[in-house]
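Dear colleague,

Please find below the structure for your review. My notes on it follow directly after.

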Amino acid sequence: MRSIGILGGTFDPVHHGHLRAAIECREKLKLDEVRLMPVNDPGHRNLTIANSTQRLVMLRMASEISDGLEIEDCDIHRDGVTYTIDSLEELRQKYKKASLCFILGTDSFNRLHIWKRWKELINYAHLIVVRRPGHPLDPEKDQIRELLNQQQTSDASKLKKQTSGCVYLTEVPMIDISATRLRKIFENKNDPTGLLPQTVIEYIKQHDLYKKE
Ligand code: ATP
């Protein structure tokens, strides 16, 4: 069965933490590919600083560093506030027989209840929950714990036998960096070298992104 990993996020900007997490998951779970899926307008968060086009351009540059990294642009091309569930539904329509593995950090999983129709996510994809430094697994709601209790598997082969429905917890080596910290680095005119691809650094500088107001 074809297996597609999807790492959703704002990617404002994309950084090596995202890229390594995607690559490590692809290799560890032996996924055919991992797609970085930028969200258009994340309703439950503040608006992004870089616009959709800029975030997409940075992602395209970043994805060139590895053959197994692709971009999934179905969410960013939808109008208005967009939700992961709609993108997963759309992808499921497109890839009826593939295993879809939606990758998210523990920080996002702990607060899954704020996502639209969050309980239905596993009808369309597996959830791959990756431990993120500084964010232990600690769901904020009992209902998320219940989802874990009911759907968690430690058998990675199930992710290839079923197209969706499992919650799989994993640990991959991670870089302790966030886009929030990077935006501060750019704001303060500090040196971001090593935290994101050089091509993306150049793009941010050329377009004066993340400057102090
Ligand atoms: P921000 O600081 O703006 O909240 P972020 O760096 O957390 O941004 P997002 O675009 O929100 O980046 O993250 C997209 C996904 O990537 C989320 O599931 C998040 O948990 C995960 N992620 C972000 N940073 C890392 C990292 N350093 N290592 C592993 N996963 C990460």
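Which residues come nearest to the ligand? Of the 22 residues around the ligand (those with a heavy atom within 4 Å of it), His-15, Asp-107, Ile-175, Ala-179 and Thr-180 come nearest.

Please note that this is a predicted model, in which local features need pLDDT of at least 70, side-chain atom pairs count only at pLDDT 80 or more, and totals for chains, interfaces and linings use all residues. Residues are numbered from 1 along each chain as its sequence is written, and side-chain values use heavy atoms, with hydrogens and water left out.

Ligand surroundings

Oxygen atoms of the ligand lie 2.9 Å from a side-chain N or O atom of His-15 and 2.5 Å from one of Thr-180. A ligand nitrogen atom is 2.9 Å from a backbone N or O atom of Ile-177. The protein covers 92% of the 600 Å² of accessible area (Shrake-Rupley method, 1.4 Å probe) that the ligand has on its own.

Helix H1

Helix H1 (16-28) is among the elements that each supply at least two residues of the shell around the ligand; helices here are DSSP runs of H or I with at least four residues, and strands are runs of E with at least two. The buried residues of H1 (under 20% relative accessible area, 1.4 Å probe, protein chains only) include His-18, Leu-19 and Glu-24. Among the partners against which the buried residues of H1 pack are strand S2 (33-38) and helix H2 (52-63). Lys-30, which follows H1, has a positive phi near 50 degrees.

Yours sincerely

Conventions. A polar contact is a pair of N or O atoms within 3.5 Å; within protein, one must be able to donate a hydrogen and the other to accept it, and residues adjacent in sequence count only if both atoms are side-chain atoms. Buried means under 20% relative accessible area, exposed over 50%, partly exposed in between (1.4 Å probe, protein chains only). Contact means heavy atoms within 4.5 Å.
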